[in-house]
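Me: Let's read this model together. I will ask short questions, and each reply should reason its way to the value or name.

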Amino acid sequence: MKNHHLKKKDPNLLLQSAPLLRQELTTPAAMKDVWIALLPATAASLWFFGLSALLIILTSIAGAILTEWVFTDKEKRRFAISDTSAGLTGLLIALTLPPGLPLWMVFLGGCVSIGLGKVVWGGLGSNIFNPALLGRAFLLGTFPIAMTTWGAAGGPGEFFQIHSSNLALPFMQAQVDSMGAATPLGLMKFEQQGTALWSLFTGNTAGSIGETSALFLLLGGIYLLLRRGIDWRIPVAIFSTAALFSLIMFLTDGDKYPSPLFTLFSGGLLLGAFFMATDPVTSPLTPKGCWIFGIGIGFLVVLIRLFGGLPEGMLYAILLMNAATPLIDRYTQPRIFGRQG
Amino acid sequence: MFNFFSLGQSFSHGVHPPHHKEQTEDLPIQRVPFVSRYVMPLGQHIGIPAEPVVKVGDAVQRGQLIAKPNGFISTALHSPVTGKVTDIGMHRYVDGSFKAAIEIAADPYATQQFTLSAEQPVRKVEELSIGDFINTVQQSGIVGMGGAAFPSHVKYSIPDEQQINDLLVNGAECEPYLTNDHRLMVERPEAVLRGCEILRQQLGAERVAIGVEKNKPESISQLQQYLTADMPIDIVPLEVKYPQGAEKMLIKSIYNKELPAGKLPRDIGIAVNNVGTIVALADYFEHGMPLIERIVTLAGPGVEEPANLIVPIGTPIRDVLEFAGGLKDQTREVIMGGPMMGTPIADLDAPILKGTSGILAFTDAETARPREYPCIRCARCLEACPYFLNPSRLALLGKARLFTEMQEKYNVMDCVECGACTYACPSNIPIVQLIRTAKDNLRNLSMKNKD
């Protein structure tokens with residue numbers, strides 16, 4: 001009966017207030033875009049670091065999801081896991097870890113990133129610091145030696161050559177890895193030794209499993225930019241500031257300081273600029289704020305790399321600017337239509 | 001000349017919902033038959049409700065005055081049919097509440113022809129002073145036809161020290177689904193232009209601009225066809241973007257002027273009128289027929305036979321829907337107005353009002369809401385808000401009920417509730433609903449402080 005509404009006394013009419021229309025993108029779909037964007041870099045990590053990388057990624061994701069599940073209200077659990085943000089944090093932290101890191105440390109990193117990085121703040125959307133980077137900062141502080149022991153990149157032929165230290169027992173002394181190598185940034189800082197740009201671009205260097213291949217990170221980053229999944233201002237501001245600052249330093253002393261291209265393609269700069277700094281939860285809301293945020297990161301990362309005690313500064317550059325985000329937001333509110341600034 | 005390749009003039013920010021006008025844009029306006037019962041709410045315009053001048057049992061003619069304005073910000077009501085007053089009391093309003101209204105039973109044997117009565121002579125508009133013009137418009141019952149139903153004569157009362165330079169006619173029709181203004185411009189372009197000239201001369205404006213969104217090329221070409229060189233009227237194609245038809249956006253798009261917060265368009269020499277209002281004026285000064293009928297778009301996925309209809313004001317919505325073949329089974333919600341800013345209809349027996357631009361029916365597909373996710377600060381709402389507010393922050397504060405902070409730091413009262421933020425939100429947060437709640441609470445608070 002086609003006109004039952006008109007005959008009965010409108011029992012079924014909803015009274016949802018306008019607007020009734022919604023655009024199609026949902027938050028879980030936006031997360032899915034980030035997963036897709038991380039696929040090339042993840043594939044590159046498997047190519048260069050083999051089974052070790054795979055184990056690290058799976059362990060880290062497991063730690064993150066398990067923590068989210070344990071610390072979320074019973075009714076909200078399935079819902080909280082289904083937005084896939086916890087798994088994404090797990091993948092992101094895995095990509096910042098050295099290939100030889102004992103798996104129990106990786107697991108702990110996943111737990112801490114979600115537990116201290118997200119859940120204690122009130123869950124998705126409430127945290128101040130990027131959870132993945134908070135987890136990495138915890139690992140770097142707690143296990144400084146294991147976190148700075150790097151394995152050289154291999155090829156697909158060595159896929160099953162797992163780093164023996166991966167399987168170290170919890171709280172036992174981690175074995176010193178026989179495949180130890182130095183990262184391009186470490187070589188630059190401590191031995192003033194450069195690395196071929198081509199190696200940096202393809203990713204055939206020592207480093208964290210997901211940070212070495214500039215090419216594949218760029219692919220993912222460009223995908224996210226095209227899908228408008230991230231604010232373009234943040235990576236653009238980071239790249240141009242870091243390039244400019246290191247160009248100035250390079251021009252003052254070309255022997256001591258690296259070239260701008262080396263700065264951009266080495267270490268975690270690309271991974272951080274595309275996938276960590278752009279985390280909408282921990283970056284400013286306002287366009288002007290995004291510029292300030294990106295410029296701050298670009299400046300801090302070069303400052304730490306060239307003048308600090310550490311070879312890499314992306315982690316602390318982003319975390320410091322995360323802390324400044326609420327303040328930046330407060331002072332960069334857009335001028336309201338019809339009002340004087 | 002009209003250029004199909006440029007986007008058209010526009011404002012910053014805003015959203016692009018699919019416009020869905022294809023359903024009704026080519027359907028000529030039809031007249032609905034008269035039905036047996038009409039309800040005329042006394043307060044269907046903004047301002048003070050009208051005061052009845054008829055009693056129960058009185059016979060009334062179509063177009064006869066049945067309630068007079070009760071103060072300046074109030075307007076007249078006329079009977080939409082020839083018949084008999086059967087009740088003056090509380091009747092269902094669209095939102096489900098009861099409001100004072102006059103109920104009229106139509107005389108089934110009457111011709112329902114509108115005839116001028118001796119008390120309501122039609123006066124030549126050229127002979128009217130601006131004061132007489134304003135009185136006459138108030139007596140005609142004409143209100144803003146875009147949906148707000150603000151009494152038009154109030155808009156035309158310009159303080160002595162102010163001068164109107166530009167008359168801006170709103171034919172943007174940025175709400176999806178609605179095509180009533182579009183059909184009016186297509187079918188009656190000469191009435192639109194005539195109305196523009198009447199109002200321009202009365203207000204003493206130099207030029208008229210008619211803003212039309214570019215998804216209505218037929219409207220634009222029709223108006224241009226009837227436009228002669230001696231008319232100081234410009235037809236301005238506008239970018240298809242929501243909310244292009246909001247007063248402040250329209251002024252920005254056409255004159256590139258930002259209306260300062262808290263000011264009226266007349267403060268910067270502009271008068272803004274909906275194209276439907278303009279035609280109502282033209283008709284009134286041509287035939288003397290007061291505002292007793294209007295064009296309503298019947299559309300949406302839940303309507304069997306979409307249509308553009310001339311409906312006598314006061315016709316029960318149920319009767320109008322029945323004329324259009326009824327509602328589909330899956331219908332879950334019926335809206336008065338557009339889908340972005342309209343009001344949900346609680347009772348289909350409520351009447352069509354002077355401000356009813358459309359009746360839209362939606363099915364499960366449009367009304368089913370996914371779960372609400374936490375705000376991930378993606379800033380899509382900031383990019384959507386045409387007023388450059390911070391909806392993300394406002395929603396967060398709204399949930400915490402920090403209403404005073406919402407106003408003091410984030411100017412929540414500047415929000416016009418266009419709903420662009422809520423449309424854009426991927427987390428399905430009811431942002432504009434939270435803002436409405438806050439504005440309501442703030443209004444109550446300021447009333448309390450006054451007492």
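Me: Which does Glu258(B) count as: buried, partly exposed or exposed?
Reply: This is a predicted model, in which local features need pLDDT of at least 70 and side-chain atom pairs count only at pLDDT 80 or more, while totals for chains, interfaces and linings use all residues. Residues are numbered from 1 along each chain as its sequence is written, chains are lettered from A and ligands numbered from 1 in the order in which they are written, and side-chain values use heavy atoms, without hydrogens and water. Buried means under 20% relative accessible area, exposed over 50%, and partly exposed in between (1.4 Å probe, protein chains only). Glu258(B) has 27% relative accessibility, so its class is partly exposed.

Me: Which residue forms a salt bridge with Glu258(B)?
Reply: A salt bridge needs a side-chain nitrogen of Lys or Arg within 4 Å of a carboxyl oxygen of Asp or Glu. For Glu258(B), the closest N and O atoms are 2.9 Å apart, and the partner is Arg335(A). This pair crosses between chains: Glu258(B) sits in the loop between H6 and E12 of chain B, and the other end, in the segment after helix H15 (314-331) of chain A, is Arg335(A).

Me: How many salt bridges does the rule find across the interface of chain B and chain A?
Reply: Side chains of opposite charge can pair when their charged atoms come close. One such pair is Asp329(A) and Arg377(B), at 2.9 Å, N to O. The structure holds 27 salt bridges over all chains. Across the interface of chain B and chain A the number is 4.

Me: What area is buried between chain B and chain A?
Reply: Contact means heavy atoms within 4.5 Å, and 70 residues of chain B are in contact with 49 residues of chain A. Buried area is the accessible area (1.4 Å probe) that two parts lose on being put together, summed over both. Carbon and sulfur atoms give 54% of the total, which is about 5500 Å².

Me: Which three residues of chain B supply more of its buried area against chain A than any other three?
Reply: Take the area that chain B buries against chain A. Three residues supply 14% of that area: Tyr373(B), Ile376(B) and Arg377(B).

Me: How far apart in sequence are Asp349(B) and Arg318(B)?
Reply: Their side chains meet in a salt bridge at 2.8 Å, N to O. Helices (H or I, at least four residues) and strands (E, at least two) are DSSP runs, numbered from the N terminus. Asp349(B) lies in the loop between strand E16 (343-344) and strand E17 (358-363) of chain B, Arg318(B) lies in helix H8 (residues 317-323) of chain B, and the separation is 31 residues.

Me: Why does Arg318(B) count as buried?
Reply: Its salt-bridge partner, Asp349(B), is partly exposed because its relative accessible area is 23%. Arg318(B) is buried because its relative accessible area is 10%.

Me: At what angle do helix H3 and helix H5 of chain B pack?
Reply: Two packed helices are described by the angle between their axes and the distance between the axes. Here the axes are lines fitted to C-alpha atoms over the stretch in contact, and angles run from 0 to 180 degrees between N-to-C directions. H3 (residues 180-187) and H5 (residues 217-226) of chain B have axes 8 Å apart, and the angle is about 30°.

Me: How many residues of helix H4 of chain A are buried?
Reply: H4(A) runs over residues 85-95 and is mostly covered. Its cover includes H2, helix H5 (103-115), helix H6 (131-142) and helix H13 (269-276) of chain A. The buried count is 11 of its 11 residues.

Me: Which residue does a cis peptide bond join to Tyr242(B)?
Reply: Most residues other than glycine have a negative phi, and most peptide bonds are trans. The bond after Tyr242(B) is cis, with omega about -5°. The partner lies in the loop between strand E11 (233-238) and helix H6 (247-255) of chain B. That partner is Pro243(B).

Me: What is the phi of Asn256(B)?
Reply: Asn256(B) is in the loop between H6 and strand E12 (270-274) of chain B. Asn256(B) is exposed, as its relative accessible area is 58%. Its phi is positive in a residue other than glycine, near 55°.
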